Amino acid sequence: MPSQQWRSGRRVAIAGGGPGAISTAIAFLQRGYDVRIFERQDSCKAIGGAVLLSTPVLAILRSYGINVENFGCYTVTHFQNKSGKERVELPFNPEVEKRMGIKGWHYGVLRSSAFKAMLELVPESVLYPRHEVTAYTELEDSVEIEFKNGNKITADILIAADGIRSVVSQQAFGDPGLFHTGIRLWLAWCDHIPGIPENHAVISHDWQYQASFFPMLHDGKPGFEWWVVEPSWEGKPLPEDPKVHLSTILQDWSQPLPRLLEATHFETQVYRWEIYNRPSMNTWSSGRIVGVGDAVHPVSPYAAYGLGMAIEDGYYLAKSLDGVDLHDPRAVAAGFELYEKQRLDYVNHNMEFARSIGRIFHSLPWPLAKVRDLIFDYTPFLSHFMQRGYLKKSEEETLGLKEFYVN
């Protein structure tokens with residue numbers, strides 16, 4: 001893939017160096033564009049523990065040239081209460097499996113492993129570390145980008161992939177209106193533990209906490225990702241000892257979650273986030289500026305989909321601009337409009353569905369939470385809710401990616 005040229009009408013500048021940025025770069029490079037990634041840190045790297053990638057994300061990574069055969073561990077996902085009572089098993093769609101040639105739906109993989117595989121597809125000359133974008137100026141046929149180190153560059157389009165507090169997105173769209181979602185996430189991973197059923201994942205709740213685990217692969221080696229979601233608020237004090245704190249939450253939880261906690265090295269394998277969102281947007285583009293990932297749609301962990309959506313965004317954006325002369329403002333606007341038509345409603349639905357699930361599980365007072373749990377334990381309500389609110393739209397989107405069909 002070409003990497004040194006910087007031709008007018010082909011110049012794609014990307015602010016940020018995370019997975020969404022790398023996916024976007026790969027997709028544009030494959031279509032013959034000149035790409036430069038501007039990352040404020042010393043290098044491009046993924047932070048955090050394990051992640052769940054869904055079938056369409058794996059299909060996109062496969063199209064980039066990544067071998068997904070041993071990339072992640074497929075799972076059968078079970079919703080349970082804390083005592084292990086089954087509430088619903090998420091079904092697989094046999095048509096999706098057949099068309100995509102990918103078994104199951106969710107795959108667990110360590111974030112750093114997935115990012116490493118993607119980064120290997122990007123030429124070194126595309127990466128510009130220590131280049132923090134601070135502002136831009138739109139010109140008639142280009143955009144001038146300014147950096148904290150004093151450098152400037154002119155590109156045809158600028159893609160905001162610089163995270164939830166994106167400088168580019170804020171200049172393009174104004175104050176994002178970030179708000180705390182009322183939850184705190186503890187995300188962890190550990191090496192393989194024998195005796196746990198293969199390809200078996202559990203998302204479980206008591207009246208105020210979620211505790212879950214998935215099998216995963218780390219550089220081809222088996223392990224587990226697990227996490228705890230708890231009620232929180234802006235300024236909530238942190239526990240002095242996270243292991244004691246999480247052990248107290250999980251002490252009465254069904255196995256294997258207490259075993260996974262004990263097998264985890266808390267200094268290197270546990271990450272904590274306060275979860276912020278922004279109100280859903282009705283556009284992700286402005287002039288020659290367009291956003292992907294958290295820069296325009298941060299996602300609650302209840303979507304299990306933030307990194308995956310960013311990877312998808314990059315693919316869809318490059319596909320929408322395939323063959324476009326980026327010097328032409330009308331052609332660029334038409335490409336951005338097509339990208340938003342394909343992504344905006346779908347992503348906003350997932351954002352809002354994830355937020356609503358978080359409120360249902362973590363914001364109800366005890367009496368209402370008890371009624372909720374009885375409904376989830378003894379009626380098919382949760383099954384219908386997940387099928388209608390999450391799986392249906394995701395499956396429709398996946399079956400729309402006909403270029404990835406293998407059968």
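Student: Leaving aside its neighbours within four places in sequence, which residues is S394 in contact with?

Tutor: Good place to start, and keep in mind that this is a predicted model. Setting aside the neighbours within four places in sequence, S394 is in contact with W105, Y346 and N350. Contact means heavy atoms within 4.5 Å, and these three residues meet that cut-off with S394.

Student: Why does S394 count as buried?

Tutor: The relative accessibility of S394 is 1%. Buried means under 20%, so S394 counts as buried. As for its place in the chain, S394 lies in helix α11, residues 381-399.

Student: Which residues of helix α4 are buried, and what covers them?

Tutor: In α4 (residues 111-119), R111, S113, A114, F115, A117 and M118 are buried. By the definition, each of them has under 20% relative accessible area. The cover includes α1, β3, α2 (55-64), β7 (106-110), β15 (210-218) and α8.

Student: R111 was in that list. Which residues lie nearest the centre of the largest pocket?

Tutor: R111 again, along with I47, G163, W273 and D294. The lining of this pocket has 49 residues, and about 1600 Å³ of space lies inside. Strand β17 (270-277) is among the elements that supply at least two lining residues; in fact β17 gives the largest share, five residues.

Student: What makes a residue part of the lining of the second largest pocket, and which residues are they?

Tutor: A lining residue has an atom within 4 Å of a point of the pocket. Those that line the second largest pocket are N81, K82, S83, R87, H205, D206, W207, W366, K370, D373, L374 and D377. Helix α10 (residues 366-378) provides the largest share, five residues. The volume here is about 200 Å³.

Student: How do the residues of the two linings divide into nonpolar, polar and charged?

Tutor: For the largest pocket, there are 27 nonpolar, twelve polar and ten charged residues. For the second largest, the lining has three nonpolar, three polar and six charged residues. Asp, Glu, Lys and Arg count as charged, so K82 and D206 are among the charged ones in the second lining.

Student: How do you know that β9 and β10 pair?

Tutor: Two strands pair if there are at least two bridges between them. Five bridges join β9 to β10 (residues 143-147), so the definition is met. The two run antiparallel, and T137 stands opposite E144 in β10.

Student: In the open sheet β9-β10-β11, what makes β9 and β11 edge strands?

Tutor: The sheet has three strands in that order, with antiparallel pairing. β9 (133-138) and β11 (152-155) each pair on one side only.

Technical notes: Residues numbered from 1 in each chain as written. Predicted model: local features only at pLDDT ≥ 70, side-chain atom pairs only at ≥ 80, totals over all residues. Heavy atoms only, no water. Helix = DSSP H or I, 4+ residues; strand = E, 2+ residues; numbered from the N terminus. Buried < 20%, exposed > 50% of the residue type's maximum accessible area, 1.4 Å probe, protein only. 1 Å grid on protein atoms, 1.4 Å probe; cavity = no way out; pocket = protein on both sides within 12 Å on 5 of 7 lines; lining within 4 Å. Points joined across faces, edges and corners; volume = space filled by probe spheres on them.
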